[in-house]
Amino acid sequence: MSYKLFIPGPTAVSEKTLRTMVQPMIGHRSKDFIALYRSLQPGLQKIFGTKDHVYLSTSSSWGIMEGSLRNVVQKKVLCCMNGAFSDKWLDVANRCGLAASAIQTNWGQPIEPGALRSELATGVYDTVTIIHSETSCGCMSDLPALGIVLREFPDVVSIVDTVSSCSAMPIDKDANGIDILITGSQKAFALPPGMAMLSPSVKALDRAAKGNTRGYYFDLLEFQKNHEGGMTPSTPVITLIYALKSKLDDIQEEGLEARFARHARLNKAVRAWGESWGFSLFPRPGFGSVTLNCFANTRSADLVALNKLLKDNHGFVIDGGYGKLKGKTFRISNMGDETDETISDLLQALDTVLSKLGLGKP
């Protein structure tokens with residue numbers, strides 16, 4: 001039986017996007033590829049909110065997240081941690097042999113601008129990592145407020161993960177003082193997994209040029225050199241680049257503001273549904289992600305049984321909690337190509353399943 005994903009990634013991929021991937025292969029050093037690659041830049045720069053270049057990496061986002069650390073950390077990196085993926089960044093830094101410390105908050109709590117300012121004011125850091133929308137617990141930190149702090153420390157290179165927020169809401173890389181912005185194909189872009197996108201500032205490239213631990217595959221200078229020729233350093237995943245081109249056309253047709261409004265509207269609808277059943281949001285009020293809702297399992301629902309009934313009887317799948325929150329929370333995605341109709345269908349199915357499990361609305 002086929003089923004549709006409403007998990008926070010990978011997200012459902014449309015038939016139109018899948019068909020776009022089935023095109024004749026072209027050489028990655030050919031004029032056709034150069035034209036394809038360069039055609040992506042205006043759309044990506046608009047989505048990122050940047051005048052800087054946007055590179056394509058055949059990897060998960062973690063590839064360029066680790067690579068960015070290797071490129072720019074020369075003194076010490078500050079990892080802002082408030083969930084599973086931001087916590088992981090400290091582990092990655094340590095495994096790379098880099099000096100690293102953390103701002104650690106409880107999962108679901110945003111990164112506070114004051115805490116960031118206090119740590120950076122010590123002067124011991126030259127790099128900071130931040131996850132905008134912490135997918136594991138549905139918590140979204142206030143990026144514009146953090147951006148005000150980042151601009152106060154021009155010698156610090158900021159690396160920001162926007163994997164589950166980019167293209168679903170305004171990011172404004174340049175205005176927020178972000179030096180390396182990273183995202184992936186498999187979440188709000190509604191593409192298959194396997195490609196990441198990153199945009200470094202001139203400051204980040206200058207920092208990379210002063211180091212000698214860049215390696216090759218994720219060397220920002222290699223990305224830049226090849227970008228200037230309309231190419232990628234290594235053989236790229238051309239099928240996903242076809243899909244990205246199609247998706248950018250879709251986004252242009254919908255309009256970015258309309259896309260942002262759609263994500264906000266669908267997110268609000270899912271949140272209202274959860275509250276009507278007595279499920280409270282897990283993250284601090286006012287800091288929930290706009291692309292998913294992470295609900296605390298305040299009704300002690302059998303999430304395994306819920307998902308089995310939902311999948312077997314309705315063809316939908318949601319997430320039963322990530323990491324240490326498994327069973328204690330559940331996550332519902334509204335990102336990518338979802339519409340009022342698809343979200344309504346999911347919520348009606350969830351109503352049916354919860355009733356079958358013996359839960360009534362409070």
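Me: In this predicted model, over the ring of which residue does the charged end of Lys-311 sit?
Reply: The model is a predicted one, and a charge is taken to sit over a ring within 6 Å of the ring centre and within 35 degrees of the ring normal. The charged end of Lys-311 is placed 4.2 Å from the centre of such a ring, and that ring belongs to Tyr-3.

Me: How far from the ring centre of Trp-107 is the charged end of Lys-324?
Reply: Here the ring is that of Trp-107, and the charged end of Lys-324 sits over it. The distance from the charged end of Lys-324 to the centre of that ring is 4.5 Å.

Me: Is the pair of Phe-6 and Phe-316 stacked or edge-to-face?
Reply: The structure has 10 aromatic pairs. In one of them the ring centres of Phe-6 and Phe-316 lie 5.5 Å apart, with 85 degrees between the planes. Planes over 60 degrees apart count as edge-to-face, so the pair of Phe-6 and Phe-316 is edge-to-face.

Me: How many residues apart are Phe-6 and Phe-316?
Reply: Phe-6 lies in the loop between β1 (4-5) and α1 (15-21), whereas Phe-316 belongs to strand β12 (residues 316-317). Both Phe-6 and Phe-316 are buried. Their pair links distant parts of the chain, the separation being 310 residues.

Me: Which residues form one aromatic cluster with Trp-273 and Phe-279?
Reply: Trp-273 and Phe-279 themselves form a stacked pair, with 6.5 Å from centre to centre and 25 degrees between the planes. Trp-273 is buried, as is Phe-279. The cluster that holds these two residues also includes Phe-295 and Phe-330.

Me: In which sense do strands β3 and β4 pair?
Reply: Strand β3 (residues 77-81) and strand β4 (residues 100-104) are joined over five bridges, and Cys-80 has Ile-103 in β4 as its bridge partner. Between the two strands the chain crosses through helix α4 (residues 84-95), in a β-α-β crossover that is right-handed. The sense in which β3 and β4 pair is parallel.

Me: Which residue meets Asp-126 in a salt bridge?
Reply: The structure holds 20 salt bridges, and the one made by Asp-126 has an N to O distance of 3.4 Å. Asp-126 lies in the loop between α5 (113-120) and β5 (127-131), and its partner lies 81 residues apart, in helix α7 (residues 202-209). Asp-126 is buried at 4% relative accessible area, and its partner also counts as buried at 12%. That partner is Arg-207.

Me: Is Lys-225 buried or exposed?
Reply: Lys-225 and Glu-222 lie three residues apart in helix α8 (residues 220-228), about one turn of the helix, and their side chains meet in a salt bridge of 3.6 Å, N to O. Glu-222 has 18% relative accessibility and therefore counts as buried. Lys-225 stands at 52%, and because the class above 50% is reached, Lys-225 counts as exposed.

Me: What is the relative accessible area of Glu-254?
Reply: Glu-254 forms a salt bridge with Arg-259, in which the closest N and O atoms are 3.8 Å apart. Arg-259, at 2% relative accessibility, counts as buried. Glu-254 is instead partly exposed, with a relative accessible area of 30%.

Me: Which residues are linked with Lys-16 in a network of salt bridges?
Reply: Side chains of opposite charge can pair when their charged atoms come close. The network that contains Lys-16 also holds another lysine, Lys-247, and it is completed by Asp-250 and Asp-337.

Methods:
Residues numbered from 1 in each chain as written. Predicted model: local features only at pLDDT ≥ 70, side-chain atom pairs only at ≥ 80, totals over all residues. Heavy atoms only, no water. Phe/Tyr/Trp six-rings, centres within 6.5 Å; stacked < 30°, edge-to-face > 60°. Helix = DSSP H or I, 4+ residues; strand = E, 2+ residues; numbered from the N terminus. Buried < 20%, exposed > 50% of the residue type's maximum accessible area, 1.4 Å probe, protein only. Pairing = 2+ DSSP bridges. Right-handed = clockwise from strand over helix to strand, strands pointing away. Salt bridge = Lys/Arg side-chain N within 4 Å of Asp/Glu carboxyl O.
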